[in-house]
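Colleague: Could you walk me through reading a ligand site and a chain contact?
Modeller: Sure, let's put the structure up.

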Amino acid sequence: MTKVQLSGVRKVFGTFTAIENIDLTIESGELVALLGPSGCGKTTTLRMVAGLEAPTSGEIMFDDKDVSHLPVQDRNVGMVFQRYALFPHMTVEKNVAFGLSVRKVPKAEIEERLAEILDVVQLSGFRHRFPAQLSGGQMQRVAIARTLITKPSVLMMDEPLANLDTKLRGEMRRFIRNLQQRFGITTIFVTHDQVEAMELADRVAVIFDGHLAQYDTPDTLYRRPRTTDVADFMGASNLFAARLAAPDRAETAFGTLKVSPRADLRTGEEIDVVLREEAIDMLERPDAATHQALSGEIVARDFFGANVNYTVACGEARLSVSEQSRRLVDVGSTVWLDIAPDRIWLMPRRTIQTEI
Amino acid sequence: MAFKHVQSLSERLSPFQKFYLIVIAGFILGPFIPLLIQSFAFRWAWPDLLPSTWWLEQRDKSMLPLAWDYVFSPYSRVWEATVNTVFIGSVVTVICLAICLPAARVLARERFRGKSAFEFFLSLPLIVPEAAIGIALLMIFIRLGLAGSYVGIIIAHLIPTIPYMVRMLTAVYQGLGRDFEEQAMILGANRRQILWRVTLPMLLPGVVAGALFTFLVSTNIFLLTFFLGQGQIVTLPTLLFSKISGGTLDASAAGITLIVTLPGIILLILSERFIKEEAFGKGFGN
Ligand SMILES: Nc1ncnc2c1ncn2[C@@H]1O[C@H](COP(=O)(O)OP(=O)(O)OP(=O)(O)O)[C@@H](O)[C@H]1O
Ligand SMILES: [Mg+2]
């Protein structure tokens, strides 16, 4: 398999800088998600790896060899487009075999590999259909089969699940994960759905405005975001400004929080704190054994079946608390909130940089 | 599925819709009816609704050749004109496609300085009167020795057909998107394979429509052919004009008129079939 490396890659379109400067290493056989809001440069990054776009500067390396100027056809990559781009005038069979037939692979071998791959994606019965006669999930599997049959060394997928309904997305996620593990292909996929990124990927690269904001495992990204932007994008709802009054005490607008000391933060520093909504315990009466001394009033309750979300007003601040719906506490009740100090994530306040 | 849908629609035509369709058909086909009758008439004087004497009745007695006999005789030059018309139309269509396919691709996909100015100039031949273009070309072509030659007429025919073709193909290219070609590239296809296996088949309905249109326009151009043919090259429109320039539509002119419409009608029927079966029948779209 192939290790993919981007070093100092920058892409400028005319006067617009789409990719500022990205360094990224994808280990051989790894599944990496590129995550970021619309227009941040995910597709552009993918297209540069594929060779459809040349980087303005920087290098793209496959197994330590510079491929930045290698034509698309010689890179041996596979890419599943967001809208699948199945050839509408060809049957499923012709679509899937396309990559082999343009390489002049002998008929018998094409037939053999075709049967094999159609079996993998469970589409053997659909050989003679045209793309217009398939469902979204089937089209996607055709697109994947068409790519896999060429045995690419790097597989790329641009928002492969964006066009599918929720249930199908779940199925396709598992399907892609199994396939990727079975073939062990280095895979890069693009998404702007953080849940999808966390479920599928070994590591997630968060991109904002053409910068790599953070590149970590899903777990680290969720629990230890490096900036408030990343935290926000990963779905953190309780994000507050604070000041580190003592190594283990952070002062916020709604009271003082007991936190775990961190070597990299100075006392007196302005920081941001993230309180994960599912890490907060909500008590209906005060308890002397709690870490924190926080109380507030429930101002809203949103019921989601298995889970229930409360909005608790602590002074001016609104905290969001999520718990399993084993009990329901009424709006208007006074509650006491507790959170273990090591579950509170502290970030140095980023000085706001103006970017182009 | 789609087919069934269409059928059930046509079953539900209301009387008003039927009436409406018939009126439209009448408008389009109406002018042909007198032509058709005229061409078979021997004597058809006002105010008779139908000719008092038909061509076939008089066939043996007449001293002069009658409408269809004349049309089919070598004196009429109908055969020569038909061959010329079809030949010129075909060559113009092929050249026009060869010029317009790459041009449309660039116009649909690239952004460059002066693009809108270029698009404006492209439609100039549609705005400037044909007579002006014809005279200007004639003066140039006489000097180049192209007047009265096939090459001259073909170049002249390209002038009004290219703007239409470019526009039509640009629209088709815009609908095509880059994805398909890029996907083919990633799958390992070279440029030639992409053109023949992906781009052309997908553009086919638009190419057929554009080619058909170009051919029909070319076969109907009178003024430019008249100027640049210098009377040496006869096509169906110039032949017809020489027949009716006297101000009357006699039986043989009516016959020629009907012949003039034939290539177009045959082509329309063929391409209609072709487009339906080759492209749309396989479920284009998405
Ligand atoms: N060919 C191009 N010419 C000019 N600008 C471009 C071009 N391609 C992309 N861009 C710009 O570069 C930026 C990044 O685009 P890109 O397609 O990579 O975004 P993305 O992260 O994939 O977004 P989305 O999630 O919406 O697909 C966008 O602002 C886009 O407008
Ligand atoms: Mg994109």
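Modeller: We'll take the ligand site, then the contact between chains. This is a predicted model, where local features need pLDDT of at least 70, side-chain atom pairs count only at pLDDT 80 or more, and totals for chains, interfaces and linings use all residues. Residues are numbered from 1 along each chain as its sequence is written, chains are lettered from A and ligands numbered from 1 in the order written, and side-chain values use heavy atoms, without hydrogens and water.

Colleague: Which residues are around ligand 1?
Modeller: A residue counts as near if one of its heavy atoms lies within 4 Å. Here the list includes A:Phe13, A:Lys42, A:Glu159 and A:His192. Helix 1 of chain A gives the largest share, three residues; helices here are DSSP runs of H or I, at least four residues, numbered from the N terminus.

Colleague: Which polar contacts should I look at?
Modeller: The term means a pair of N or O atoms within 3.5 Å; within protein, one must be able to donate a hydrogen and the other to accept it, and residues adjacent in sequence count only if both atoms are side-chain atoms. A polar side-chain atom of A:Thr43 sits 2.5 Å from an oxygen of ligand 1, while a backbone N or O of A:Gly39 is 2.8 Å from a ligand oxygen.

Colleague: How many salt bridges link chain B and chain A?
Modeller: Look for a side-chain nitrogen of Lys or Arg within 4 Å of a carboxyl oxygen of Asp or Glu. There is one between these chains, joining A:Arg47 and B:Glu182 at 2.7 Å, N to O.

How values were computed: Helices (H or I, at least four residues) and strands (E, at least two) are DSSP runs, numbered from the N terminus.
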